[in-house]
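Q: Take a close look at one loop in this model for me, please, and go through it slowly. Once that's done, add some words on a sheet elsewhere in the chain.

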Amino acid sequence: MNKELKLFYEDAQEQLTFMEDALITMQESGVEDESIGALFRAMHTIKGTAGMFGFDDVVHFTHIAENLLSEVRDGNVKLDDDMIDTFLEAKDHSLNLVDLAIENESLDEPTKELNDKLIKYFHSKMPNANINKTEDTQVLANNTAETAEILWHISFRLKTNFFKTGMDIANLLSFFNILGKVDKVVLVDANIPTLDTLKPLDGYLGYEIEFTSEASYADIEEIFEFVIEDIELHIFKANDTDMLKTLLEKYKDENLKDLLISNDFTALKKLDADKKVVVKKTKENTSSKKPQKKEKEKSFSLRVDSSKIDQLINQISEMVIENARISQRADNLDDTDLNESAIIMTDMLEEIRTGIMNIRMVQVGDSFNKFKRIVHDVAKKVHKEINFEIIGGDTELDKMVVEKISDPLMHMLRNSIDHGIEMPDDREKLGKSRVGKVTLTIYPDAGTIVIEIRDDGKGLPKDKILTKAIANGLIKDGKNLSDKEIYALIFEAGLSTAEEVSDISGRGVGMDVVKRNIESLRGTVEIDSRDGEGSLFVIRLPLTLAIIDGFLVQSGDTKYIIPLEMIQECIELDATYKTQMHGNEFINLRDSMLPLLNIREYFNESKSKTTRENVVVVRYGEHKMGIKVDELFGEFQTVIKPLGKVFKKVPGISGGTILGSGEIAIIFDIPKLIAHRLKDIKK
Amino acid sequence: MKIDKNELNIYDVESLHQQMIAELKEIAIIIDFTNVNKVDASVIQLLLSTYKSAKGLSKEFKLTNVSDEVLDIFRSYFCDTLLLGSKNE
């Protein structure tokens, strides 16, 4: 794909996302001008750019959709639920058309059918009077459009069953004389087979008509009211070269072009002359129309290659490290001025860092709104009624993380609806509301972003999971597992292929992939479930990826960084605590048991030089733990650097950083450390 | 071949089809329309098909003694030139 095409594709995708968001918004909270504007803009922009590439199918389709939207915008047509649904379909269809156009493939039959269906629908919704006033048709149209009379081109072919309608074609044709002036009619006999293959009861005839009238599209369509299902009908203005081209393409086998030329059809004469002009005009159209547009762009945004931001972050990271050296040097020299400058520099760097990080941050709602559509579709498909809610859509998360988490979330949502929520009738029997509730909640918590998917369905079938896991050899029979551990089994690859246990098979399929995806983002996922009450999936993801606020500590000879946001408090492990411990690795912290992790033992450190010991209390999710270290140094802007392969298998380390002194500090992976300690306790 | 019915429509078209297939074996396909005063679209289709078949076999195809009523019908279907040639227009 070349650069321009790629830009077109991205732009089209973006516009269609806006369109979908706008439709969903209107579905929920009623029709509003701004959203209609977004729909119109999407179709208009795609039409314009597709025209530059000569993607006729895309231009044609979006052109018709745009015409109708223009009427909607002007208040001539009311946007009802049915139309919103159809525009949702049109959005998907447009994307499909764009895909096909870029791949340089022609439309397959189902796509064509859908295309025709949607176009017919859009046409049917057009108001009678204003059809020729749409701005773009005017540009495309020639002078005839200025007068009230329009030269129409009507094309129809009998479908096989036509004669069963009992309708008389001659009658239909005579109606044109009532509505206006018939300029040209030609019978298309190309589809009539020779006698040997003719089925005399089937319809084969076709007609091409040119007709001048003040009548609107709908008026003309009305002529065919009773046979509309039994013919293939095309009605368009004779100067609409896009439509004509589509028609010629469609009836290529009939040699329609030659037939029209030999019968001197007006539309054909314009086709070749207009060919170049149309593309050009569409181009001009997009650029010249923009400034006149009534609605203002909601917000201005800039498309920047994300690698540029990554580069900036890298450079800032290096600056942070260098600045740490300056601070260190200032300390060593005991130079107050230099020290002050270094401190100011630190603050400024932090601001810049936050600023750059913010560029990458997007409100999750923008991206997650598409789930509404998916939920809507899935619910419809499985005949369930779902009330889906997104809470905390304004929470910000790194764009890359948002993109990577979307697929797993989609999968989990589908599962919740498909397998979690019961059928409406069953729910009623259980005394629940017919409408199942699925909630997607996003909120920041202790240096992480938490994403929860909650449903009020039947919950996970614990026994079945357990039986299956034992049968598959994932766990040993008789092993005591907590509920959560059992639920976590659905993430095991071995359970995903469960075929016999149809009830949970869906939940198992791909769940191991879901977990892998989440873990690749350094996140974790937990499940809770209550029989008959529903289930809850909790995903935790780290907030940022490159630079964190860390807390510098030392244990033995090594310095360590603990992510600051996970720290709850620091306490000195004094004699009182030590006597309480009785040699166990637990302390009593304000009447609750706090497990400790002795870092020196964990990493086999040499003995401490100091006699003092400190405990840093960290929290991850609902788990708390104390990390026993020797010395506390305080806050430190930490640039996360990956450690070499050697460290890859060491649990509890997420990376390293360079201190001002040039020393290396190890960054703790708190979730892993907590998991390790909890496992230890169980043993 | 002389058609003996006055009105030809969808109910006749199947038997007419068979007759036309038989007629196609003749050297020339000449159909006498003297008695016919009404045809419908399915019959017109059949006539067009016969015309095509004859042309494919390089045989002559001709409708003779077409009444004014039928000519009007042909015109209303815009098939007069096809079936009768330009001389009848």
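A: Strands here are DSSP runs of E at least two residues long, numbered from the N terminus. With that in hand, and bearing in mind that this is a predicted model, go to the loop between β15 (586-589) and β16 (592-598) of chain A, where you'll find A:R590. A:D591 sits in the loop between β15 and β16 of chain A too.

Now check the backbone. A:R590 isn't a glycine, yet its phi is positive, at about 45°. A:D591 is another non-glycine residue with a positive phi, near 70° in its case.

What about burial? A residue counts as exposed if 12 or fewer other C-beta atoms lie within 10 Å of its own. A:R590 has 5 C-beta neighbours inside 10 Å, so it counts as exposed. For A:D591 the count is 5 as well, so A:D591 is also exposed.

As for the sheet, 4 strands of chain A make an open one, ordered β2-β3-β1-β4, with antiparallel pairing. β2 (181-188) and β4 (231-237) of chain A are the edge strands, and each has a single partner, so one side of each has no neighbour in the sheet. On average, neighbouring strands in this sheet are turned by 15° against each other, ignoring direction. Look inside it and you'll see β1 (residues 150-158) of chain A pairing with β3 (residues 206-213) of chain A, antiparallel, over 8 bridges. One spot to zoom in on is A:W152, which stands opposite A:F211 in β3(A).

Terms used. Residues numbered from 1 in each chain as written. Chains lettered and ligands numbered in written order. Predicted model: local features only at pLDDT ≥ 70, side-chain atom pairs only at ≥ 80, totals over all residues. Pairing = 2+ DSSP bridges. Axes fitted to C-alpha atoms, helices over the stretch in contact; angles between N-to-C directions. Buried ≥ 20, exposed ≤ 12 C-beta atoms within 10 Å, placed from the backbone.
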